[in-house]
Amino acid sequence: MLIDLRSIPPHGLTARGEEAPSIIDIQDPGAEFYRPIQYDLDISLAGNILLVRGRLTTVVRFTCSRCLKKFEAPLEIKDFQVQREVTDRGETIDLTDDIRTDIILAVSVKPLCQPECRGICPSCGQDLNQGSCDCSVERSVSPFAELDKIKF
Ligand SMILES: [Zn+2]
Ligand SMILES: [Zn+2]
């Protein structure tokens, strides 16, 4: 995203638009970017400091880190902020790297399709969200432990 400093009026401006998902060029099989990155930014110049604040939103196709299922989830960065000293008012500032960095940071946590995702059985590959497999019966704690949980 390019900002032409000459286009910023004294009271600042609001920029809304979108960037192609290809600006997020990460080799992360856990998070796939295929929808545009939308921005809604307040841009102003204070002396020779460029100030950018606003919101970035997109939708990411994640791969659950436990069960490997693909799922889509919105991603929102509410406090995107850039401050940059400018030397020449005729300059054009490129914010693409700043946007990329913030988004990559935001998806660096291990994604889960649901907070309670039970994952897949390491021995037979059964998706434990859809039901338990025979091997997990032997491995898991006694049925009484399950009963205790129900009581609570
Ligand atoms: Zn999952
Ligand atoms: Zn199993």
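The following exchange walks through one strand and two zinc sites of a predicted model.

Modeller: In this predicted model local features need pLDDT of at least 70 and side-chain atom pairs count only at pLDDT 80 or more, while totals for chains, interfaces and linings use all residues. Residues are numbered from 1 along each chain as its sequence is written, chains are lettered from A and ligands numbered from 1 in the order in which they are written, and side-chain values use heavy atoms, with hydrogens and water left out.

Biologist: Which side chains of strand 4 point to the buried face?

Modeller: In a regular strand the side chains alternate between the two faces of the sheet. Strands (E, at least two residues) are DSSP runs numbered from the N terminus, as are helices (H or I, at least four), and buried means under 20% relative accessible area, exposed over 50% and partly exposed in between, with a 1.4 Å probe and protein chains only. In strand 4 (residues 37-46), Gln38, Asp40, Asp42, Ser44 and Ala46 point to one face and are not buried, while the other face has the buried Ile37, Tyr39, Leu41, Ile43 and Leu45.

Biologist: Which residue of strand 4 is the bridge partner of Leu13?

Modeller: Two strands pair if DSSP finds at least two bridges between them. Strand 2 (residues 13-19) runs antiparallel to strand 4 and is joined to it by seven bridges. Within strand 4, the partner of Leu13 is Ile43.

Biologist: Which turn residue between strand 4 and strand 5 has a positive phi?

Modeller: Strand 4 pairs with strand 5 (residues 49-63) in the antiparallel sense over nine bridges, and Leu41 stands opposite Gly54 of strand 5. The two strands form a hairpin with two residues between them, and the turn residue with a positive phi, about 65°, is Gly47.

Biologist: What is the arrangement of the donor atoms around the zinc ion (ligand 2)?

Modeller: Donors are N, O and S atoms within 2.8 Å of the metal (3.2 Å for Na, K and Ca), and sites may look incomplete because water is not among the atoms. Here they are the SG atoms of Cys121, Cys124, Cys133 and Cys135, 2.0 to 2.3 Å from the ion. Four donors count as tetrahedral if all angles lie between 85 and 135 degrees. The angles here are 103 to 118°, so the arrangement is tetrahedral.

Biologist: Is Cys64, a donor of the zinc ion (ligand 1), buried or exposed?

Modeller: Cys64, Cys67, Cys113 and Cys117 bind this ion through SG atoms at 2.2 to 2.3 Å. Cys64 has 1% relative accessibility, and therefore counts as buried.

Methods: Four donors count as tetrahedral if all angles lie between 85 and 135 degrees; four count as square planar and six as octahedral if opposite donors are over 155 degrees apart and all others between 65 and 115; anything else is irregular.
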